[in-house]
Amino acid sequence: MNLISTSLMSGLATAVRIGSGFILNKIFAVYIGPAGLALTGQFGNFVSMVLGFSNGGISSGIVKYVAEYRDEPEKRTAILSTALVITLCSSFILSVLILIFHRQLALSLLKSEEYASIFLLFALTLTVFSLNSSLISVLNGFKEVRKFIAVNIATSLASLLITVLLVVFFGLYGALLTVVLSQTLVFFVTLFFVVRSDWFRPDSFTRGLDRESLTRLSRFSAMALVSALTVPLSQMLVRNYLVDHLSLEAAGLWQGVWRISEMYLMIVTTPLSIYYLPRLSEIKDRLELRREIFAGYRLILPVVAILATAIFFSRHMIIRILFTREFTLMSELFLFQLVGDFFKIASWLIAYLMVAQAMTRMFMITEIVFAASFVLLSMGFVSRYGLVGITYAFAVNYLAYLLLMLYIFRNLFMVSREA
């Protein structure tokens with residue numbers, strides 16, 4: 001199965017996710033407005049950060065080694081059993097911490113202890129969240145594309161149904177609550193597909209901790225934990241800066257254009273996540289790696305360019321359809337946000353290679369440096385140009401990241417081969 005066929009198969013899941021996202025945007029815009037959208041974005045970043053730590057940051061490692069040991073049951077079982085132990089231990093520790101500090105978290109992140117109960121519920125369901133993430137990685141590693149896509153569709157539909165009900169009746173509190181409940185329900189869908197897989201055996205997960213597997217997974221853990229911390233944290237810091245120096249509504253406008261980027265980029269990021277990491281993990285030959293990367297560029301970048309151009313010229317219509325009049329000023333944020341999206345996807349195609357090839361130190365350094373530079377650039381550009389400055393920062397940051405990725409790729413996978 002290649003990138004094109006994977007893209008076609010994932011098309012339905014992507015369409016469902018985008019359609020659900022359109023509806024959810026409208027619901028959020030009508031019932032909670034820009035300020036509410038900013039707070040849901042803040043909570044969503046916190047959840048993403050915690051989830052990255054709650055399974056020890058081993059999701060990418062699970063994908064790589066399940067794909068690599070697909071035909072070696074003993075090694076595969078050691079990986080799966082070790083992954084389960086890591087997930088249970090990590091999620092338990094974080095659950096306890098959130099239970100202890102739930103009031104402080106609500107006040108710090110959502111500006112009110114009124115939402116403390118949301119953090120309590122999140123703590124109680126965190127283990128289920130983490131197990132769901134690990135099982136999805138197992139499906140991805142086995143290249144169970146149809147099941148992987150089915151889980152994605154179930155996630156989208158569950159989120160849509162729960163969100164509509166909770167936001168309409170409970171407003172912002174319901175919007176925050178849906179983040180917790182939807183993922184919890186989807187776990188049972190994921191478990192259903194895993195249990196019905198040909199490769200599934202209960203003892204594949206129950207052999208305890210294997211030292212060698214722990215060492216292998218820990219290399220990916222370091223990369224994933226850095227990414228899980230830096231990306232959401234940088235967004236949270238930027239959003240807080242917007243709230244403190246502009247307004248909560250301004251932060252909501254940025255969150256709105258960010259959500260549009262997330263939705264249309266699903267068209268390319270979904271097949272990349274399903275196909276690219278397992279594929280790059282199993283390739284051993286440098287020449288074949290180069291061909292795979294170039295094939296990705298030829299297929300993916302024209303699609304991103306066309307989509308971004310279409311969205312820019314239809315931005316006013318998009319705002320009218322997906323949002324409300326309160327979001328009208330968001331139109332000023334599109335141009336450089338979309339330019340940054342193009343640079344982002346171009347750089348990710350190579351960044352996936354660093355993860356797949358376990359280039360731990362290089363990945364960690366680049367993640368930390370460019371997360372920090374995004375925060376600093378945002379502060380500088382926003383202070384000089386106002387809200388639109390955050391999109392300047394986004395575009396400049398990803399341009400620099402892309403140039404570095406190209407330099408790394410050329411030196412490690414082009415020059416060394418030619419020499």
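Select Val186 first; this residue lies in helix H8 (residues 145-195). Helices here are DSSP runs of H or I with at least four residues, numbered from the N terminus. The structure is a predicted model, in which local features need pLDDT of at least 70, side-chain atom pairs count only at pLDDT 80 or more, and totals for chains, interfaces and linings use all residues. Residues are numbered from 1 along each chain as its sequence is written, and side-chain values use heavy atoms, with hydrogens and water left out.

**Around Val186**

Val186 has a relative accessible area of 2% and is therefore buried (under 20% relative accessible area, with a 1.4 Å probe and protein chains only). Display its surroundings next: leaving aside residues up to four places away in sequence, Val186 touches Asn132, Val151, Ala154, Thr155 and Ala158. Contact means heavy atoms within 4.5 Å. Then select Lys64, which is 122 residues from Val186 along the chain; the two C-alpha atoms are separated by 23 Å.

**Helices H3 and H5**

Now select helix H3 (residues 33-54) and helix H5 (residues 73-100), which pack at an angle of about 140° with their axes 8 Å apart. Axes are lines fitted to C-alpha atoms, for helices over the stretch in contact, and angles run from 0 to 180 degrees between N-to-C directions. That angle makes H3 oblique to H5; angles under 35 degrees count as roughly parallel, over 145 as roughly antiparallel, 65 to 115 as roughly perpendicular and the rest as oblique. On the H3 side, show Phe46, Val50, Phe53 and Ser54; on the H5 side, Thr87, Ser90, Ser91, Leu94 and Ile98 make the contact.

**Helices H5 and H7**

Keep H5 selected and add helix H7 (residues 116-141): the angle between them is about 160° and their axes are 9 Å apart. H5 and H7 are therefore roughly antiparallel to each other. Among the residues in contact are Leu80, Leu84 and Leu88 of H5, and Phe119, Phe122 and Leu126 of H7.

**Helix H14**

Finally, move to helix H14 (residues 360-385). At 1.5 Å a residue, its 26 residues should span 38 Å, and the end C-alpha atoms are 37 Å apart, which agrees. The expected span is 1.5 Å times one less than the number of residues. Colour the buried residues of H14, including Phe363, Glu367, Phe370, Phe374 and Val382. Just after H14, select Gly386, whose phi is positive, near 85°.

Methods
Helices (H or I, at least four residues) and strands (E, at least two) are DSSP runs, numbered from the N terminus. Buried means under 20% relative accessible area, exposed over 50%, partly exposed in between (1.4 Å probe, protein chains only).
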